[in-house]
Amino acid sequence: MTDSRLPAAYLRPGSSSFTDFLAEQAPDLLPARRGLPQGSAAELAPHATTIVAATFEGGVVMAGDRRATMGNVIAQRDIQKVFPADEFSAVGIAGTAGLAVEMVRLFQTELEHYEKIEGTTLSMDGKANRLSALIRANLGMAMQGLAVVPLFAGYDLEAAQGRIFSYDVTGGRYEETAFHSVGSGSMFARGALKKLYRDDLDAERCVEVVVQALYDAADDDSATGGPDLTRRIFPVVQVITENGGVRLADASVAEIADWVIAGRMERPDGPAAELTGGASA
Amino acid sequence: MSMPFYVSPEQLMKDRADFARKGIARGRSVVAVQFADGVLFVSENPSQALHKVSEIYDRIAFAAVGRYNEFENLRIAGVRLADMRGYSYDRRDVTGRGLANAYAQTLGTIFSSGGEKPYEVEIFVAEIGDDPSADQIYRLTYDGQVADEQGFAVMGGQADVVAAYLQERYVAGASLDEALGLAVAALGHTSNERGEPQDRVIPVEDLEVAVLDRTRAQPRKFVRLRPARLETLLGGRGPSTPAPPDPDDNAPGTGSSDAFPDDPADPTDQTSGGVSPLEDPLTGAPPVAPPPVAPPEDDSGPL
């Protein structure tokens, strides 16, 4: 910034959206505002994989594995894919890692900017819609193989419950009940969640469920990383309640992961869900 | 065509300064106090929605007195500047000094340009560091001057009375409740028409209090203290029953009783003299100051 006086556009009353301001003042900084040559760019950049989220009584948990892949190569072992979006929400990313991380940064700034200018936070649905708009702007790049598909979860202070939103590449926004997963290992993770999820989970048990689900995803999907025992790399787990969001300390995730792995030593397919059919009755 | 009457640059600047100062003196004071864990802002502001103290960035806060629309404009510009810089570089690259500099340039340019009315505002930009020695309070005046304040700073209506009270009692490294008690007592310490000091206890509902607290776990260190929290922090205070503030100066936009009396019907009503600093009261034309000494015409010189 060469001229130290505030530019006139900064002093002009207008939108409280940082993205709109950026589009006006520095459009080149927007992640989606980039011209790409023809052809697929899918193989150029690392991809992030599985994210799971589940609600419990009084909050929501989101967790992601730590692997980024480029084709058959593991591009990074300890990438972070679950980020706090603001105090009461978190966003997890699947798809092109570079674009997704930039989109998360823009989304974080967007929420904080609105909060500072308006003096109040956006509603949960408002936040989900803003994320939707960011993804929609990325459609052109998604069609060339650089898709970003996030999962958004947070504690809705008005509804007093945890809520989860999933998206498609066109910006479609879908509210999920109870649990959801995105990314290459999401089918396997969702299968595990279906069998392990209970309505009466507390925060601690809910964390166990998502770590189990990530283990199952890594078990069957080569692009999802399981707990790395030799390097002590474990999933990123974000727990959000009415008191705000916290990332669980690596030590406590490690404890849960060790416990999960100990169980898998006995039974590699994980805990067996109970059958409630009439045969045993 | 009528000749614009001559106003000397000194007089022009003085008039503009008087105009801005008068606008600022109408408002109530804002106090910023450094304490052990950061910087505390206290102001008497019955409105719960129109803030005088706000967050700019992780470790930077903004406080202002004067005309609301003008400082709100500056605040939003500051948030945009900080967020833009933090987004395009990194969160650590947003500094209070850079922001204070941008404000100073903006206010200074507006003050000295003939075309715009000077902003009737005074601003604090405060930034906290990792320890008290790295804390900064910048004070910016309507003409773009920057001062680096140490310990405490006061601006607004009765700034001198409040500052004198703080000067006597301020100690560095106080705890939050001590600093808050001192700041609130200082704001309640005013002088009446005869210049005699009088103390009153300001109700917690009328206080706007915010802190930059370096002990907060989140990266964003700014937090507002709500009346319930203030009640516990302040504890039993005041020698007597709370004297409610003068009902006249509770309404937004009205002057406190000690400010220069202003007659809105009379545009020439100025304490500094009979000439309006901004415009000719009859024609509404802005005063045009010709250059103090016109250079002699020189036809022989090169183009």
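**Exercise 1. Decide from its neighbours whether Ala178(A) is buried, partly exposed or exposed, and find its place in chain A.**

Step 1. Begin with the rule: a residue is buried if 20 or more other C-beta atoms lie within 10 Å of its own, exposed if 12 or fewer, and partly exposed in between, with C-beta atoms placed from the backbone.

Step 2. Apply the rule to Ala178(A), which counts as partly exposed because it has 16 C-beta neighbours inside 10 Å.

Step 3. Locate the residue: Ala178(A) lies in the loop between β10 (173–176) and β11 (179–182) of chain A, where helices (H or I, at least four residues) and strands (E, at least two) are DSSP runs, numbered from the N terminus.

Step 4. Look at the backbone: although Ala178(A) is not a glycine, its phi is positive, at about 70 degrees.

A word on the model and its numbering: residues are numbered from 1 along each chain as its sequence is written, while chains are lettered from A and ligands numbered from 1 in the order in which they are written. This is a predicted model, in which local features need pLDDT of at least 70 and side-chain atom pairs count only at pLDDT 80 or more, whereas totals for chains, interfaces and linings use all residues.

**Exercise 2. Treat Arg232(A) and Ser113(B) in the same manner: is each buried, partly exposed or exposed?**

Step 1. Arg232(A), which is found in the loop between α7 (203–220) and β12 (236–241) of chain A, is partly exposed because 13 other C-beta atoms lie within 10 Å. The phi of Arg232(A) is near 55 degrees, a positive value in a residue other than glycine.

Step 2. Ser113(B) sits in the loop between α3 (96–112) and β5 (121–127) of chain B, and with 9 other C-beta atoms within 10 Å it is exposed.

**Exercise 3. Explain why strand β4 (residues 60–66) of chain B is largely enclosed by the rest of the structure, and name the strands to which it is joined.**

Step 1. Seven of the seven residues of β4(B) are buried, and therefore the strand is largely enclosed by the rest of the structure.

Step 2. In a regular strand the side chains alternate between the two faces of the sheet. In β4(B) both faces are covered, with Ile60(B), Phe62(B), Ala64(B) and Gly66(B) buried on one side and Ala61(B), Ala63(B) and Val65(B) buried on the other.

Step 3. Turn to the partners, remembering that two strands pair if DSSP finds at least two bridges between them. Strand β3 (residues 53–57) of chain B runs antiparallel to β4(B) and is joined to it by four bridges, with Ser54(B) standing opposite Phe62(B), and a hairpin of two residues connects β3(B) to β4(B).

Step 4. Between β4(B) and β5(B), which also run antiparallel, there are seven bridges, and here Ala64(B) stands opposite Ile123(B).

**Exercise 4. Describe how α3(A) and helix α2 (residues 68–88) of chain B pack where the two chains meet.**

Step 1. Count the contacts between the chains: 14 residues of chain A are in contact with 16 residues of chain B, where contact requires that the C-beta atoms, placed from the backbone, lie within 7 Å. On the side of chain A that touches chain B, α1 (8–11), α2 (18–25) and α3 (97–118) each supply at least two residues, and α3(A) gives the most, with five.

Step 2. Find the angle: α3(A) and α2(B) pack at about 165 degrees, with their axes 11 Å apart, the axes being lines fitted to C-alpha atoms, for helices over the stretch in contact, and angles running from 0 to 180 degrees between N-to-C directions.

Step 3. Name the arrangement: α3(A) and α2(B) are therefore roughly antiparallel to each other, since angles under 35 degrees count as roughly parallel, over 145 as roughly antiparallel, 65 to 115 as roughly perpendicular and the rest as oblique.

Step 4. List the residues: Arg105(A), Thr109(A), His113(A), Lys116(A) and Ile117(A) of α3(A) make the contact with Ile76(B), Val79(B), Asp83(B) and Tyr87(B) of α2(B). These residues divide into four nonpolar, two polar and three charged, where Ala, Val, Leu, Ile, Met, Phe, Trp, Tyr, Cys and Pro count as nonpolar, Asp, Glu, Lys and Arg as charged, and the others, Gly among them, as polar.

Key:
Contact = placed C-beta atoms within 7 Å.
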